[in-house]
Amino acid sequence: MPDAVVIGAGPNGLVAANVLADAGWSVEVLEAQDEPGGAVRSDRGVHPDYVSDLFSAFYPLAAASPVIEALDLPRHGLRWSRAPRVLAHPLLDGRCAVLEQDRGTTAAGLEAFGTGDGEAWERLCSIWELLGDKILEALFTPFPPVRATAWLAARLRSGGGLRLARTLMLPVRRLGEEEFGGEGGRLLLAGSALHADLAPEAAGSGGFGWLMSMLGQSHGFPVPVGGSGELTAALVRRLEQRDAAVRCGERVAEVVVRGGRAVGVRTAAGEAVPATKAVLADVVAPDLYTRLVDPRHLPSRVFDDLRRFQWDFATFKVDWALDRPVTWTAREAATAGTVHLADGVDGLTRFAAQISTGQVPDEPFVLLGQMTTADPGRSPAGTESAWAYTHVPHRIKGDAGPDELSGVWDRREEEAMADRIEAQVERYAPGFRERVLARRILAPPTLEAMDSNLHGGAINGGTTSLHQQLVFRPIPGTGRPETPVPGLYLASASAHPGGGVHGAPGANAARAALRTHRAAARVLAGAQRALARRSRSGSRRAQS
């Protein structure tokens, strides 16, 4: 009988299991799919000679995460690789904003867009250099992050802290306009903010765009050598060395609650799997509370709050096997691992506005990954394994383009949307389509079928907007992994601090379970000592 059952073998579930196993707990991980990894998997499904990442691909948050670092995954086979350039945002006139590996080189490139913009970039980097480690500590530890917040407050009190706080709360459009005279720096920040579902006008998008840009500047956008599945494989190997079990093809149908406490799970096949100490769920919050836990065990306010739960944008992805590298009009883009495609910040605003009004964008913002550029072993020499994704509304009211897309995502709609993405790439890389040997389309329903946590193609477990962060994630409360059911912990990206592959929700849930168990053990030990003292006292009185 395991001490803990973990539902889901995505990165957060596997991190949670590793943290528990390190503490000496016996752990069993149950995964619905036929292989572990959740949204961190790779295959050769596009072309047998090409490795393709099914979902996530670049891992700046993993590279920066103290949670991942503490697991020492290189000892378990993980190796990182990086493209010569981190990120490029080409423009139709041939100019290109580039996030280089070297900070000074990035600054020099931005200076070409506007006098003083290089110095502005150096200034943003200096703030990160001063505060970045504590910001990451605050981000990746359970809420409230007392130690990191106290350090930051003390440091900022004498250094213009209110002004910095204002800067990070700005919409990224405004932040870019305040810091940069030219378009280059603005594009790096705004495009990075839209790695989440943060429009250029969204409050706090400036802080998120700065965070992602600084992670890219300080850590790059690394990829696992051999495919994203190698990150999962390292987590599984580490876990198995600690005698924990990972069982795939086992969909959990119910969290078993007895005596007001989570005591195990029941699988779809009817197997009861008990847990003597805790159940941790790497499951999106709406699924956990509406499918896995009987409503009798939850307060009514949970369901009232879930009605207001907001998903992040739906995602549409295309994978390609290319017979040659992409020939970009802006040559700098050829050596970047990640390429952003949009007609300036105004194009990003237009794209986000169309999604907000339920329209499928006619000129989608495309995030494109050149995986062989980042990891040469992904495909034969002289070729490229590539992918791109964009976002679409969950509830489609209309199509801003000519194809009358409605969101049924049948074969016609999938092919039309994939063609639309390729047409956007062609604007910046003429002849792109001539290089396509094979392609695979992953529409929102396909993504969800491959990983139920990707609800409707949402990849971050819920919106990154401020109204669903910190104490509001996933619903108003404490911002912590504890749930209304004792012994049950939320370990998915729906919990603070949210999406991205960094392991924090899983580690936070595991530490909360360990802390609760230790506290209960101390209470029990105290009660036993008190009982023993009373027993000895009673014996002495009886003898006298």
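## Salt bridges, packed helices and small sheets

Glu122 has a relative accessible area of 26%, so this residue counts as partly exposed. That is a handy place to start, since 26% lies between the cut-offs of 20% and 50% that bound the partly exposed class. Please keep in mind that this is a predicted model. Across the whole structure, a search turns up 42 salt bridges, and a few of them are followed below, together with a helix pair, two groups of strands and two individual residues.

**Arg103 and Glu122**

- Glu122 is the salt-bridge partner of Arg103, and their closest N and O atoms are 2.5 Å apart.
- The two residues belong to distant parts of the chain, with Arg103 in helix 4 (residues 103-111) and Glu122 in helix 5 (residues 117-140), 19 residues apart.
- Arg103 has a relative accessibility of 22%, so Arg103 is partly exposed, and Glu122 is partly exposed too, at 26%.

**Glu254, Arg266 and the sheet around them**

- Glu254 and Arg266 form a salt bridge in which the closest N and O atoms are 2.7 Å apart.
- Glu254 sits in strand 10 (residues 252-258) and Arg266 in strand 11 (residues 261-267), so this salt bridge ties together parts that are 12 residues apart in sequence.
- What is the accessibility class of Glu254? Glu254 is partly exposed, at 31% relative accessibility, and Arg266 is partly exposed with a relative accessible area of 31%.
- The strands that hold this pair belong to an open sheet of 3 strands, ordered 10-11-12 with antiparallel pairing.
- Strand 10 and strand 12 (272-274) are the edge strands, each of them pairing on one side only.
- From one strand to the next, the twist averages 30°.
- Between strand 10 and strand 11 there are 6 bridges in the antiparallel sense, and Val257 has Ala262 of strand 11 as its bridge partner.

**A salt-bridge network around Glu422**

- Glu422 pairs with Arg433 in a salt bridge, with 3.3 Å between the closest N and O atoms.
- This pair also links distant parts of the chain: Glu422 is in helix 16 (residues 411-428), while Arg433 is in the loop between helix 16 and strand 20 (436-442), 11 residues away.
- Is Glu422 buried or exposed? Glu422 counts as buried because its relative accessibility is 5%, which is under the 20% cut-off.
- Arg433, by contrast, is partly exposed at 39% relative accessibility.
- Both residues are members of a network of salt bridges that links Arg411, Glu415, Asp419, Glu422, Arg433 and Arg439.
- Gly431 is found in the loop between helix 16 and strand 20; with a relative accessible area of 14%, Gly431 is buried.
- Gly431 and Ala386 are 45 residues apart in sequence, and their C-alpha atoms are 15 Å apart in space.

**Helix 9 against helix 10**

- Helix 9 (residues 183-193) packs with helix 10 (residues 205-219) at an angle of about 100°, and their axes are 7 Å apart.
- Helix 9 is therefore roughly perpendicular to helix 10, a class that spans 65 to 115 degrees.
- Where they meet, helix 9 contributes Leu188, Leu189, Ser192 and Ala193, and helix 10 contributes Ser205, Phe208, Gly209, Trp210, Met212 and Ser213.
- Sorted by class, this contact has 6 nonpolar and 4 polar residues, with no charged ones.

**The hairpin of strands 3 and 4**

- Strand 3 (residues 42-47) and strand 4 run antiparallel and are joined by 3 bridges.
- The hairpin between the two strands passes through 2 residues.
- Ser42 stands opposite Asp53, which is in strand 4.
- In a regular strand, side chains alternate between the two faces of the sheet.
- Strand 4 (residues 50-53) is covered on both faces, with Tyr50 and Ser52 buried on one side and Val51 and Asp53 buried on the other.

**Leu20 and its neighbours**

- Leu20 is placed in helix 1 (residues 11-22) and is buried, with a relative accessible area of 0%.
- Leaving aside residues up to four places away in sequence, Leu20 touches Ala4, Trp25, Val27, Leu280, Ala510 and Leu514.
- From Leu20 to Phe316, the C-alpha to C-alpha distance is 35 Å, and the two residues are 296 residues apart in sequence.

Notes. Residues numbered from 1 in each chain as written. Predicted model: local features only at pLDDT ≥ 70, side-chain atom pairs only at ≥ 80, totals over all residues. Heavy atoms only, no water. Salt bridge = Lys/Arg side-chain N within 4 Å of Asp/Glu carboxyl O. Helix = DSSP H or I, 4+ residues; strand = E, 2+ residues; numbered from the N terminus. Buried < 20%, exposed > 50% of the residue type's maximum accessible area, 1.4 Å probe, protein only. Axes fitted to C-alpha atoms, helices over the stretch in contact; angles between N-to-C directions. Parallel < 35°, antiparallel > 145°, perpendicular 65-115°, else oblique. Contact = heavy atoms within 4.5 Å. Nonpolar A, V, L, I, M, F, W, Y, C, P; charged D, E, K, R; others polar. Pairing = 2+ DSSP bridges.
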